[in-house]
Each structure stands twice: as structure tokens, then as C-alpha cells.
Amino acid sequence: MPIVDCPPSDADTDFVLEARELVFEYVPGTPVLDGWSAGFPSGSMTALTGPSGRGKSTVLYLLGLMLRPTIGEVLVDGIPVSTLRDATRARLRAEQFGFVFQDAALDTTRTVLDNVTETALYRGEPRNKARALELLDQLGVKVPPHRKPGQVSGGQAQRIALSRALLNRPRVLLADEPTGNLDPTTSTLVVNTLREHARSGAAVIVVTHAPDVAAICDREVRL
Ligand code: ADP
């Protein structure tokens, strides 16, 4: 597994997603990232690793177009997107990205099934209930789809969030500790699903502390 911790060169044109010299400050004058670069090719699964507090979740939010870098650039298909309008970034995210938050971030007022299918509505498409049910089944989420997220376990919530992120078969999938609450068997289900998605041509980026998850990735980027 190659470790990629050097800046991508301009000759690398096959990155679907790229970070160039990112500086990010939550508090002015206190950079969490200070010139961080990495590139992510299609059809690959990358583990994003490093100690707690180093900035892994922050990197995921920057790559997922939820934060804007203080300095530097995020590129999608080689095109800088950091200064695009909010609405344009939101559309790009809805059409091409899937994101799994560490705490799942489900809407507790809506059913499990509605949580998974709602991303289709952001793209102006009908809810794809059949695919949602297929994903929940593949990920071993054995709860009635009309249950509310308040009545599911943390591990089930994570897999519901992953189903939601995968519904649209996104070109880029970003997941923050997607196996954090899971037993080994369920963790394997999740990892296999992520692997399969990468094999289908997506760039999959996973923040993980789990050595076994990092080990099955194609690449590791350490912060
Ligand atoms: P990791 O995911 O590697 O644990 P994070 O990206 O969550 O790291 O956090 C990196 C640093 O940024 C930490 O020092 C954290 O305290 C700080 N941080 C994270 N979110 C915020 C925020 N909303 N406001 C201020 N500081 C933050």
C-alpha cells in the first residue's frame, strides 16, 4: 500500500478530487492545516489516517465542499471549486458527492427510508426506494424502514447514513470513521461495500483509526 504524503504534481491529471496547498483556520492565526496537498484518483479507496485532532475531519469537510479553505484550492476534475458560489458547490455536492458524517447526522423527524432517499430529491429525481432497501439490506441494517432514527443503534445509524451517501452512486464518497461503532462482522460488510463502490470507478476516501480498514485500502494518506 503506497503512502501518499507528497504534493501531487501538475502532471497528475487523473485526479477526480485534489487538494492543493490547503491552509485552514477555524480561529484566525491558528492554522489546523498549513499547506496540505493530496490527490485522489477514480477507482481507488484511500485511508485518511493520523492522530486525533490532526485535522482529518476538517480535510474531509474541505474535500466535501462543506468548508472553504483559508488559502489553497480544492479541484474537482482539475477545476478549482473553492471560490464557486454556495449554490454551485451545493449542486456539485448533490450530483457527484456522497458524505458520511462521523455521527451519521440523520434527520430524526423522518423515517429511515426517507433519510436514505432524500438525497434523490436534492437532484430533482424521484426517491429510489428499491435501491435504498437494497443498500440497507446489503449493509445488514435489520430495522423496519419506517422506523425513526431515534429508535436505531449508533452502528445502524452509521450504515443508514452510508446507504444515503451511496444512493446516487456518487463519483466521490467521503466517509468519516464509517466503521467506528461496528463489530468486526458488520465492519467487514461496510468495508466490502466501500471497496465495491471504489471498484465501480468512484474515488472513496475514508477517515479511519482502524488498521484493518486502512490495510485493505489501495492507498493511505497520513496527516
Ligand atoms: P481529527 O478529525 O483529526 O480528529 P479535526 O479536524 O476534528 O481533527 O480537528 C482538528 C483541529 O481543529 C482540532 O484541534 C480541533 O479542536 C479543531 N476544531 C475542529 N472543529 C473546530 C471548530 N468548529 N472550531 C474551532 N476549532 C475546531
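This is a short talk on the ligand site, the two largest pockets and one sheet of the structure above.

Before I start, please keep in mind that this is a predicted model.

I'll begin with the ligand. Which residues surround the ligand? They are Y26, V32, P51, S52, G53, R54, G55, K56, S57 and T58. By class, that shell divides into 3 nonpolar, 5 polar and 2 charged residues. Helix α1, residues 56-63, provides the largest share of the shell, with 3 residues.

Now the polar contacts. K56 puts a polar side-chain atom 2.8 Å from an oxygen atom of the ligand. With G55 the contact is through the backbone: a polar backbone atom of G55 is 2.9 Å from a ligand oxygen. R54 also uses a polar backbone atom, at 3.2 Å from an oxygen atom of the ligand. How much of the ligand does the protein bury? On its own the ligand exposes 560 Å², and the protein buries 53% of that.

Next, the pockets. As general background, a probe the size of a water molecule, rolled over the atoms, shows where empty space is left. The largest pocket here has a volume of about 360 Å³. It is lined by 17 residues, and those closest to its centre are F97, G98, F99, T119 and Y122. Which elements give two or more residues to this lining? There are three helices, α2 (86-96), α3 (112-122) and α5 (154-166), and one strand, β6 (97-100). The lining of the largest pocket divides into 9 nonpolar, 4 polar and 4 charged residues.

The second largest pocket holds about 150 Å³ of space. Its lining consists of R131, E134, L135, Q138, L166, R169, T193, E196, H197 and S200. Two helices, α4 (129-138) and α6 (184-199), each supply at least two of these residues. The largest share comes from α4, which gives 4 residues. In the lining of this second pocket, 2 residues are nonpolar, 4 are polar and 4 are charged.

Last, the sheet. In general, strands of a sheet pair through backbone hydrogen bonds, either parallel or antiparallel. In what order do the strands of the open sheet run? The order is β2-β1-β4-β5, which makes an open sheet of 4 strands with antiparallel pairing. The edges are β2 (30-41) and β5 (79-80), each of which pairs on one side only.

Let me go through some of the pairings. Strand β1, residues 15-27, and strand β4, residues 71-76, run antiparallel and are joined by 5 bridges. If you want to find this pairing on the structure, L17 stands opposite V76 in β4. Another place to look is V23, whose bridge partner in β4 is I71.

From β4 we can go on to the edge. β4 and β5 are antiparallel and pair over 2 bridges. V76 turns up again here, opposite I79 in β5. The hairpin of β4 and β5 has 2 residues between the strands, and in it D77 takes a positive phi near 55°.

To recap, the protein buries 53% of the area that the ligand exposes when taken alone. The largest pocket has a volume of about 360 Å³, and the second largest has about 150 Å³. The sheet has the order β2-β1-β4-β5. That is the end of the talk.

Conventions:
Residues numbered from 1 in each chain as written. Predicted model: local features only at pLDDT ≥ 70, side-chain atom pairs only at ≥ 80, totals over all residues. Heavy atoms only, no water. Near = heavy atom within 4 Å. Polar contact = N/O pair within 3.5 Å; in protein donor to acceptor, adjacent residues only side chain to side chain. Areas by Shrake-Rupley, 256 points an atom, 1.4 Å probe, with all protein chains shown as cover. Nonpolar A, V, L, I, M, F, W, Y, C, P; charged D, E, K, R; others polar. 1 Å grid on protein atoms, 1.4 Å probe; cavity = no way out; pocket = protein on both sides within 12 Å on 5 of 7 lines; lining within 4 Å. Points joined across faces, edges and corners; volume = space filled by probe spheres on them. Pairing = 2+ DSSP bridges.
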